[in-house]
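Got the viewer open? Here is a walk through the model, one selection at a time.

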Amino acid sequence: MDIRTFTGHTLVEALSQVKRELGEDAVILSSRRVEEAAGLPDGHSVEVVAAQPAPQPARRPNPRGETRAWTPPRISRTGSGQECAPLPAPLAAAPGPLPAAPPITASPVAAPAAEDWQGLRTELQELRRAMKDMDQSARFGSHRAWSVRHEQALRTLCGRGMSRPTACSLLDELEDAGDDTRWEKALTMALARRLPCVGTEVPDSSPGPRIEVLVGPTGVGKTTMLAKLLLHRDGLPHRRAGVLSLDTKRVAAVEQIRRLAGILRVPLEQLYRPGDLAAALDRLSGCDLILVDTPGTGPRERLGLERTRTFLRSLKTRHVHVVLAATMRLEDQLACLAPWRQAGADRLLLTKVDEATGLGALVDLAAQAALPVSYVGTGQRIPDDLARPEAALLARWILRGETFQLEETRSDSMKRIRALVSEARLEA
């Protein structure tokens with residue numbers, strides 16, 4: 001290969017030299033612009049390196065002028081130097097027609113006997129039964145005795161918020177009934193057995209006022225529930241009630257409870273120090289029911305928890321209701337419940353039941369809390385949206401996925417609160 005270097009004032013001039021000296025087939029190897037190069041002629045600034053390709057070897061002409069047939073290449077084995085044998089020549093056509101193939105005759109097959117058919121049916125039934133058991137075991141694990149109704153009920157309960165282990169444990173107690181009505185009734189009764197509720201409140205005949213305490217985290221509606229318990233016809237039984245408030249640090253809490261007590265026309269005592277408790281109870285001695293409103297305290301607020309516990313230890317309470325919202329997660333409900341159980345809490349009071357997407361978690365809460373449910377708040381209206389729960393009612397709410405409004409009438413409590421509100425406005 002002949003490699004040469006050409007220079008010029010411009011690239012066009014250098015390429016013209018390449019074409020003139022090396023021809024049209026020249027190969028350009030490189031080109032560059034050289035600034036102030038001493039080795040180039042004066043005025044030249046472009047350098048092109050080109051080469052002339054080597055001539056192709058001439059093909060040996062075929063003396064016969066015939067087209068050669070293609071033959072497969074000979075592949076040599078690595079290291080052996082041996083070549084593969086050439087392909088065999090095409091077979092010559094066999095002289096004469098091919099002999100006719102002998103006819104195919106089917107051999108007779110004996111029909112199976114009746115005993116064989118019966119054995120095949122039995123084996124097929126056993127195979128189907130084994131496949132069904134395998135399918136049940138793969139879907140439900142150890143719950144192989146379940147039916148289609150068990151599977152549908154499991155999806156329903158888990159969709160309502162109940163945990164899968166609790167739902168499986170509940171459904172293991174049930175047997176598939178042939179009638180849908182009997183199955184729904186059995187499922188409702190199984191749910192009701194797992195939902196302990198407080199029965200009808202019996203008036204207290206012991207001397208002294210009856211003290212009921214509402215505790216719980218912030219934002220669950222303790223103050224609203226206090227007003228419902230005083231005014232609703234199914235609330236706490238009393239002839240004359242009083243309110244004892246420990247919530248004195250929250251913003252606008254003092255003014256809120258004062259206005260509420262003024263509307264309800266009930267005496268109110270607010271405690272700022274534990275030493276003032278005895279004097280406050282003396283002023284409320286004429287009441288047969290004292291409702292204690294506590295500040296909202298989370299499970300991590302140690303100072304607030306200890307302050308409320310100090311007050312509760314000085315009170316001779318009858319019941320301590322832990323107020324929890326049904327919209328909270330089960331883990332949060334149990335975390336808020338734990339510190340109050342150590343303080344003597346013995347009842348659950350659920351609020352915001354109408355806002356919960358599913359009430360199935362109540363079964364898990366009841367199982368782990370081991371406390372009966374005293375009251376249920378079904379809305380924000382005072383005093384209407386309050387219900388004394390029954391286990392069968394809660395079970396129907398869980399299965400149907402909605403909170404059914406109780407039949408409300410123009411009760412004396414509704415008339416009373418409206419009259420009290422009107423009197424408060426006139427006095428203001």
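Start with the eight strands that form an open sheet, in the order β6-β5-β7-β4-β8-β9-β10-β11. The pairing here is mixed. For the two edges, pick 268-270, which is β6, and 386-387, which is β11; each of these pairs on one side only. Bear in mind as you click around that this is a predicted model.

Now go to the β6 edge and add strand β5, residues 241-245. How many bridges join β5 to β6? There are three, and the two strands run parallel.

Zoom in on Ser245, which sits in strand β5. Its bridge partner in β6 is Gln270. Is Ser245 buried or exposed? Its relative accessibility is 1%, so Ser245 counts as buried. To see what surrounds Ser245, show Ile257, Leu268, Glu269, Gln270, Leu271 and Asp293: Ser245 touches each of them, leaving out residues up to four places away in sequence.

Next, jump to the loop between β10 (373-377) and β11 and select Gly379. Gly379 has a relative accessibility of 19%; the cut-off for buried is under 20%, so Gly379 counts as buried. What does Gly379 contact once neighbours within four places in sequence are set aside? Light up Lys228, Asp354 and Asp385. While you're there, draw a distance between the C-alpha atoms of Gly379 and Glu355: you should get 8.1 Å, for two residues 24 apart along the chain.

Time for another sheet. Select 2-8 for β1 and 27-33 for β2, the edge strands, each pairing on one side only. Add strand β3, residues 46-52, and you have an open sheet of three strands in the order β1-β3-β2, with antiparallel pairing. From one strand to the next, the twist averages 15°. Between β1 and β3, which run antiparallel, look for seven bridges. One pair to label is Thr7 with its bridge partner in β3, Glu47.

Keep those strands on screen and bring in helix α1, residues 11-22. Helix α1 lies across β1, β2 and β3, and runs at about 145° to β1.

On to some helix packing. Show α3 (residues 148-159) together with α5 (residues 180-193): the two pack at an angle of about 45°, and their axes are 12 Å apart. That angle is why α3 counts as oblique to α5. The crossing of α3 and α5 is right-handed.

Which residues meet there? From α3, turn on side chains for Arg149, His150, Ala153 and Leu157; from α5, do likewise for Asp180, Trp183, Leu187 and Leu191. Colour this contact by residue type and you'll find five nonpolar, one polar and two charged.

Leave α3 and α5 visible and add helix α4, residues 164-171. Buried residues in α4 are Thr166, Ala167, Cys168, Leu170 and Leu171. What do they pack against? The answer is α3, α5 and α11, so-numbered at 361-369.

Finally, zoom out to the full protein, with its 13 helices and 11 strands. If you colour by burial, 38% of the 428 residues are buried. And if you pull up a contact map, look away from the diagonal: of the contacts with a separation of 6 or more, 71% are between residues 24 or more positions apart.

Technical notes
Residues numbered from 1 in each chain as written. Predicted model: local features only at pLDDT ≥ 70, side-chain atom pairs only at ≥ 80, totals over all residues. Heavy atoms only, no water. Axes fitted to C-alpha atoms, helices over the stretch in contact; angles between N-to-C directions. Helix = DSSP H or I, 4+ residues; strand = E, 2+ residues; numbered from the N terminus. Parallel < 35°, antiparallel > 145°, perpendicular 65-115°, else oblique. Left-handed = near helix turned anticlockwise from the far one by under 90°. Contact = heavy atoms within 4.5 Å. Nonpolar A, V, L, I, M, F, W, Y, C, P; charged D, E, K, R; others polar. Pairing = 2+ DSSP bridges. Buried < 20%, exposed > 50% of the residue type's maximum accessible area, 1.4 Å probe, protein only.
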